[in-house]
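Open the model in your viewer and keep the sequence panel beside it. The stops below go from the whole chain to single strands.

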Amino acid sequence: MDEGDTPLLPACLVYQIFLSLGPADVLAAGLVCRQWQAVSRDEFLWREQFYRYYRVARDVPRHPAATSWYEEFQRLYDTVPCVEVQTLREHTDQVLHLSFSHSGYRFASCSKDCTVKIWKNDLRISLLHSADMRPYNWSYTQFSQFNQDDSLLLASGVFLGPHNASSGEIAVISLDNFTLLSRVRNKPYDVFGCWLTETNLISGNLHRIGDITSCSVLWLNNAFQDIESENVNVVKRLFKIQNLNASTIRTVMVADCSRFDSPDLLLDAGASPGRVFDLGGDVEDEDEDEDQAAGPAPPGAKKGCRQLLDRQTHPQLAECALETKVAELLAQGRTKPPECGAASALDKLLIFTTGCLTYSPHQIGIKHILPHQMTTAGPVLGEGRGSDAFFDALDHVIDVRGHIVGMGLSPDHRYLYVNSRAWPSGSVVADPMQPPPIAEEIDLLVFDLKTMREVKRALRAHRAYTPNDECFFIFLDVSRDFVASGAEDRHGYIWDRHYNICLAKLQHQDVVNSVVFSPQEQELLLTASDDATIKAWRSPRTVRVHEAPRPRSFFSWFAGQRR
């Protein structure tokens with residue numbers, strides 16, 4: 001300014017100069033005088049700063065809820081939980097999984113030390129209870145989930161010993177007094193289990209049929225198994241599904257369709273859709289008793305079986321291919337077809353990983369759960385179905401053409417986020433026991449469960465290094481605005497859901513197995529690692545509020561911090 005308070009430089013020239021500065025320098029320059037302060041708040045200036053600093057594609061519009069570019073820049077910088085505030089070291093071995101209660105007041109952790117720990121989430125996190133599962137012959141705990149009213153905790157674990165190599169168990173713990181209420185067998189153990197209602201949970205069982213064919217049965221269990229009445233069921237079979245080529249059903253979760261019409265963030269379906277299709281039925285027998293209960297196979301299927309077994313029409317088929325063809329023929333006409341039409345608001349979706357080509361989980365299976373199926377009341381062991389509908393076909397299948405290593409639902413249950421390690425382009429599975437090699441990069445895919453289509457482009461920043469036969473689950477979590485995931489590169493990652501950009505890397509000393517946002521405060525994130533620690537991360541904004549004598553302004557914080 002000159003002596004008469006007249007600007008020596010026109011605002012347009014100051015604007016051009018500010019365009020060449022970084023965000024922190026623009027904020028600092030805005031403190032010089034009123035003219036510079038006005039220019040430093042210019043919307044077009046902060047639009048340029050936003051796209052340049054966060055490297056967002058120019059064709060991506062501003063978040064629909066944002067009111068200005070400056071505030072949007074501030075939101076992404078100031079509200080991402082990237083500041084480590086506490087490290088919990090009470091576990092003595094690898095920490096595998098974290099889960100929050102719906103209220104956000106508590107969370108649970110599972111570990112290779114075979115304990116389930118329940119924590120109080122306050123300004124300083126503290127341990128409330130530790131349940132040792134070794135007396136129940138568990139090798140380690142691997143997964144937990146709170147029921148809807150936070151009165152019960154489902155904890156899933158793996159049995160000890162080689163004879164139980166694929167078997168696990170689900171325990172239900174009361175959160176009033178931390179007593180063990182019930183235990184349910186779960187096979188294979190990486191079905192994990194999940195709540196369907198406040199008192200009913202889903203478990204799995206696996207029945208081997210041949211070398212590479214099997215049958216998965218999903219059960220609905222009452223959390224209170226001590227009901228002393230012959231008129232009240234405590235368990236009921238939900239679905240029975242055939243597995244081909246050494247595949248099995250794993251990682252079950254439930255989506256509530258009633259939330260679909262009020263999404264937290266409506267994602268633009270601009271990307272080309274992924275492969276989404278409906279399957280017809282094809283399932284094998286579980287055992288001789290159920291084979292007789294199902295009635296005789298169709299004559300055409302028997303004839304086809306004899307032809308295959310004689311190898312007269314397909315002499316080139318290997319043993320594995322022959323077994324698969326026989327299983328498919330035996331299931332013809334004996335599988336309940338997929339449900340027709342879109343899901344109603346009263347339905348729930350059962351989601352799980354599966355496959356059709358190899359043991360590596362490369363598909364997402366989806367079954368509609370109707371209201372009358374959400375209770376253990378009624379026929380047991382599937383007596384209600386006719387002999388011609390002995391097996392259940394999947395309603396939808398999503399093929400990701402890669403090894404699925406993680407899944408998570410958005411808070412509104414509308415979108416399914418999937419961690420996948422892709423197969424090479426054009427790869428062919430010739431041997432179900434030799435799946436294609438998988439990429440080190442983890443793709444984070446997004447599927448709309450209302451339309452059954454892939455949306456957005458794949459997010460990619462995190463990495464994994466283990467081969468197919470050693471691959472393990474890396475748990476991810478989704479909040480209103482962010483999605484986070486662990487990785488084998490010793491970091492957790494946070495992305496923005498709208499802009500598809502990586503916002504933060506959270507460091508550990510070993511593999512990060514699980515991440516979870518507080519459901520009531522997305523500016524708090526927990527990460528669990530093979531380094532036997534749990535870390536709590538808060539946003540810069542909440543750190544200032546909790547630690548500073550008086551709240552510092554965003555300007556002073558940003559000027560003093562350079563990521």
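Accessible areas here come from the Shrake-Rupley method with a 1.4 Å probe, and for residues only the protein chains shown count as cover. Show the surface of the whole chain: about 24,400 Å² is exposed, and carbon and sulfur atoms supply 50% of that area.

This is a predicted model, in which local features need pLDDT of at least 70, side-chain atom pairs count only at pLDDT 80 or more, and totals for chains, interfaces and linings use all residues. Residues are numbered from 1 along each chain as its sequence is written, and side-chain values use heavy atoms, with hydrogens and water left out.

Switch to cartoon. The chain has 10 helices and 31 strands; helices (H or I, at least four residues) and strands (E, at least two) are DSSP runs, numbered from the N terminus. Of the 563 residues, 56% are buried, meaning under 20% relative accessible area (1.4 Å probe, protein chains only). Among contacts (heavy atoms within 4.5 Å) between residues at least 6 apart in sequence, 61% join residues at least 24 apart.

Next, select 194–195 and 235–243. These are strand 10 and strand 13, the edge strands of an open, antiparallel sheet of 4 strands in the order 10-11-12-13. Two strands pair if DSSP finds at least two bridges between them. Add 200–208, which is strand 11; 2 bridges join strand 10 to strand 11, and W195 has L201 as its bridge partner.

Finally, select 441–448, strand 23, where 7 of the 8 residues are buried. Strand 22 (415–422) pairs with strand 23 in the antiparallel sense over 6 bridges. Zoom in on Y415, which stands opposite D448.

Notes. Buried < 20%, exposed > 50% of the residue type's maximum accessible area, 1.4 Å probe, protein only.
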